[in-house]
Amino acid sequence: MKTVGFVGWRGMVGSVLMNRMKEESDFNHFNAVFFSTSQAGEKAPVVIQDHQNLILQNAWDIEYLKSLDILVTCQGSTYTKFIYPRLRASGWTGYWIDTASYLRMHQDAVIVLDPVNKLVIERGINNGVKTFVGGNCTVSLMLMALGGLFNQNLIEWIFVSTYQAASGYGAKAIKELLVQIGQVYNTISDLLDDSNIPILEIERVITEFSKTNTISTDCFKKPLIGNVLPWIGEECVEYKGQSREEWKGQLETNKILNTSKLILIDSLCVRVCSLRCHSQSLMIKLKKNLCLTEIENLIESHNNWVKVVSNQADISLGQLTPLSVSGTLRIAIGRLRKMNIGDEFISAFTVGDQLLWGAAEPIRRILNRLL
Ligand SMILES: NC(=O)C1=CN([C@@H]2O[C@H](COP(=O)(O)OP(=O)(O)OC[C@H]3O[C@@H](n4cnc5c(N)ncnc54)[C@H](OP(=O)(O)O)[C@@H]3O)[C@@H](O)[C@H]2O)C=CC1
Ligand SMILES: N[C@@H](CC(=O)OP(=O)(O)O)C(=O)O
């Protein structure tokens, strides 16, 4: 059996990965070794019955890492940046599987999303590629939703407006949003009980409180509760005025699909206060005029997880929301219709869990493929 090391397994993405692997009994197929950058020597997680007494190994120990057949890291780019070049320089030729963005555009790395780019992955494996990286969450979720149209080479360009969950900024950010909700509620809970207080007075109190320094904003820098934040991540060095999150859309999509002619993708990425599902509003220019039923059929037949939601109010509100998709592998896509501006333009809205298909699931699946 192969030996697989896990770094970053107790982080948010790592925990979702561990849960999925336990659900699917993946740990029966290899020997697992768990590492930590900060807790070496402490107890490792128990993932199968007979492995009760394993301890955490030191994630900085190159000599130990060299003994692995496969290393899976959900630890983040800082770890990858430090360890990856040193481990490769030491002569290690094992498989490196990573959730972090650092190696994604590296020429020796394949971005994995097998329902969409299985052939690219297989070609990579056959050509001796040893580095496999999960895509940016919005990119992976968009590709899972529109795989059927990309597959048929029907897309000329897309403009995406994202509504990204707090989880995309990590566990601390989800906590910060929940703390903000509590803080805001505490400032007005007495007022809510008094039916004589006008709603605009309550709104004024909340708005004023949210502008004070008392509200927690360590992660997001501004309140997310009662707000939307129209900038995610750093500014792109190459393109002023574009965030790196927006910049990744076109770059990663074209790398994942291994396109010979660039598919144009642009976006405006916004943080909203949902917890772990990213939503995206899409304006798509098709290369030809197709009827809506054909478009829906192509989308839905592409993979087992994408579900077309009928474009009706009650069904959209029930099945096309972060709440309805959260914690599932479902990729919901709806609000599909032809736009007024022309027959080749369609609009759509899609929702996916950014910790599952957006992060952990492609990693779980490439690991199983490489075993
Ligand atoms: N968040 C997301 O939605 C997505 C993230 N990614 C990428 O995945 C990587 C990891 O992200 P994420 O999972 O959010 O990172 P986290 O911050 O949740 O975890 C990273 C590491 O922090 C350490 N840590 C310190 N204190 C704690 C604690 N109290 N609980 C758990 N872990 C703790 C752990 O390492 P140790 O045990 O070594 O101390 C852990 O592995 C990043 O590169 C990110 O860009 C990719 C796609 C989506
Ligand atoms: N940036 C994403 C999450 C993420 O980690 O992306 P990446 O893996 O490309 O750094 C978000 O904030 O929602």
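Two residues are in contact if their C-beta atoms, placed from the backbone, lie within 7 Å. This is a predicted model, in which local features need pLDDT of at least 70, side-chain atom pairs count only at pLDDT 80 or more, and totals for chains, interfaces and linings use all residues. Residues are numbered from 1 along each chain as its sequence is written, while chains are lettered from A and ligands numbered from 1 in the order in which they are written.

Q: Which residues does the UniProt annotation "active site" cover?
A: The annotation comes from an unreviewed UniProt entry, and such annotations may be inferred rather than shown by experiment. The residues that it covers are C137 and H278.

Q: Is C137 buried or exposed?
A: A residue is buried if 20 or more other C-beta atoms lie within 10 Å of its own, exposed if 12 or fewer, and partly exposed in between. C137 has 26 other C-beta atoms within 10 Å, and therefore C137 is buried.

Q: Which residues does C137 touch, not counting residues up to four places away in sequence?
A: The contacts of C137 include H278, the other residue under the "active site" annotation. The full list for C137 is G168, H278, Q354, G358 and A359.

Q: How are α1 and α12 oriented to each other?
A: Helix α1 (residues 12–23) and helix α12 (residues 356–370) pack at an angle of about 55°. Angles under 35 degrees count as roughly parallel, over 145 as roughly antiparallel, 65 to 115 as roughly perpendicular and the rest as oblique. The two helices, α1 and α12, are therefore oblique.

Note on methods
Axes fitted to C-alpha atoms, helices over the stretch in contact; angles between N-to-C directions. Helix = DSSP H or I, 4+ residues; strand = E, 2+ residues; numbered from the N terminus.
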